[in-house]
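This report walks through one fold, from its core outward. Please keep the sequence and the 3D view open while reading.

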Amino acid sequence: MAYEERGQDGGSWFQAEPAFSLEFFNSVSAEADASIIDVGGGASLLVDRLVEQGRRNVAVLDVSNKALGLAAKRLGTNPAVTWLHQNLTTWSPERTFDVWHDRAVFHFLVEPNQRETYLNLVRSCLSPGGALVMAAFDIDGPHHCSGLPISRYRPDELAELLPNWPSYSAPTSQCNRLAERSRCSPR
Ligand SMILES: C[S@@+](CC[C@H](N)C(=O)[O-])C[C@H]1O[C@@H](n2cnc3c(N)ncnc32)[C@H](O)[C@@H]1O
């Protein structure tokens with residue numbers, strides 16, 4: 001896995017500051033107690049920044065214990081953060097979240113049934129009116145991520161994944177050739 005080989009900042013997706021994600025978070029959810037999950041958060045600095053902002057309810061889920069360990073080592077013991085060592089494709093959440101953040105995980109799901117499983121998970125565990133923030137490699141981005149094949153998306157294709165959900169009027173931009181989109185679940 002990439003974290004064993006290259007550490008926390010060696011991947012093609014690495015960003016020193018998760019500025020775009022933070023912009024989205026601050027647009028969609030101002031409350032410090034809002035429950036946030038960063039799926040496939042890996043060793044990303046997003047959780048650090050959210051905690052620095054005063055967020056008190058952040059979960060980071062990843063299939064890689066190595067990645068979670070790198071992030072947890074930076075943060076130390078912090079009651080604001082829950083570490084979930086889980087595989088998204090088999091995880092059964094026991095709670096809901098107000099904000100679901102996925103930067104460069106959904107694109108690993110190359111089979112239609114995997115994508116449907118993921119979208120059902122989002123539908124079931126996002127609170128009414130909750131926000132979904134997704135980023136996947138854009139169509140001019142790499143064909144592989146961490147050595148694995150991926151599906152690439154234009155921003156409008158990401159938006160079409162949940163066609164009945166109202167679109168959040170946040171800016172669309174790209175970072176590290178990642179198409180980024182945010183959606184809100186129906187209230
Ligand atoms: C490309 S990295 C992105 C990490 C982080 N989101 C960021 O933006 O820096 C993808 C992450 O997804 C995790 N991952 C891949 N497949 C997963 C799965 N099925 N369940 C949970 N995590 C997964 C990997 O371990 C890795 O940490």
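Which residues does Trp 100 touch, not counting residues up to four places away in sequence? They are Ile 37, Val 39, Val 122, Leu 126, Gly 130 and Leu 132. The model is predicted, and the contacts described here are computed from it.

**Overall build**

The protein has 187 residues, of which 38% count as buried. It contains 6 helices and 9 strands. Take the contacts between residues at least 6 apart in sequence: 65% of them join residues at least 24 apart.

**The core**

The largest nonpolar core holds 40 residues. Within this core, Val 99, Trp 100 and Ala 136 touch the most other members. Seven named elements can be listed as giving two or more residues each: helices H2 (19-28), H3 (46-52) and H4 (65-75), and strands E1 (36-39), E2 (58-62), E4 (97-103) and E5 (126-137). E5 supplies the largest share, 8 residues. The general background fits here: in soluble globular proteins, nonpolar side chains tend to be buried together.

**The parallel strands**

Four strand pairs can be set side by side.

| Pair | Sense | Bridges |
|---|---|---|
| E1 and E2 | parallel | 4 bridges |
| E2 and E3 | parallel | 5 bridges |
| E1 and E4 | parallel | 4 bridges |
| E4 and E5 | parallel | 6 bridges |

Start with E1. Both of its faces are covered. Ile 36 and Asp 38 are buried on one side, and Ile 37 and Val 39 are buried on the other. This matches a general pattern: in a regular strand the side chains alternate between the two faces of the sheet. E1 pairs with E2 in the parallel sense. Ile 37 has Ala 59 of E2 as its bridge partner, and Asp 38 has Val 60. E1 also pairs with E4. There, Val 39 stands opposite Asp 102. Ile 37 and Val 39 also appear among the residues that Trp 100 touches.

Next comes E2. Of its 5 residues, 4 are buried, so E2 is largely enclosed by the rest of the structure. E2 runs parallel to E1 and also to E3, residues 81-85. In the pairing with E3, Val 58 stands opposite Val 81.

E5 is enclosed as well. Of its 12 residues, 9 are buried, so E5 is largely enclosed by the rest of the structure. E5 pairs with E4 over 6 bridges. One bridge partner there is Leu 132, which faces Trp 100 across the pairing. Leu 132 is also among the residues in contact with Trp 100.

**Crossovers**

How is the β-α-β unit of E1, H3 and E2 handed, right or left? It is right-handed. E2, H4 and E3 also make a right-handed β-α-β unit. Another crossover leads from E4 through helix H5 (residues 112-125) to E5, and this β-α-β connection is right-handed.

**The ligand shell**

What surrounds the ligand? The shell has 20 residues. Gly 40, Gly 42, Ser 44, Leu 88 and Arg 103 come nearest. By class, the shell divides into 9 nonpolar, 9 polar and 2 charged residues.

**Two unusual backbone angles**

Ala 104 is not a glycine, yet it has a positive phi of about 75°. Ala 104 sits in the loop between E4 and H5. Why does Ala 104 count as buried? There are 24 other C-beta atoms within 10 Å of Ala 104, and the cut-off for buried is 20 or more.

Ser 146 also has a positive phi, of about 55°, although it is not a glycine. Ser 146 lies in the loop between strand E6 (144-145) and strand E7 (148-149). Its surroundings hold 17 other C-beta atoms within 10 Å, so Ser 146 is partly exposed.

Conventions. Residues numbered from 1 in each chain as written. Predicted model: local features only at pLDDT ≥ 70, side-chain atom pairs only at ≥ 80, totals over all residues. Core = buried A, V, L, I, M, F, W, Y, C linked by C-beta atoms within 7 Å. Contact = placed C-beta atoms within 7 Å. Pairing = 2+ DSSP bridges. Right-handed = clockwise from strand over helix to strand, strands pointing away. Near = placed C-beta within 6 Å. Nonpolar A, V, L, I, M, F, W, Y, C, P; charged D, E, K, R; others polar.
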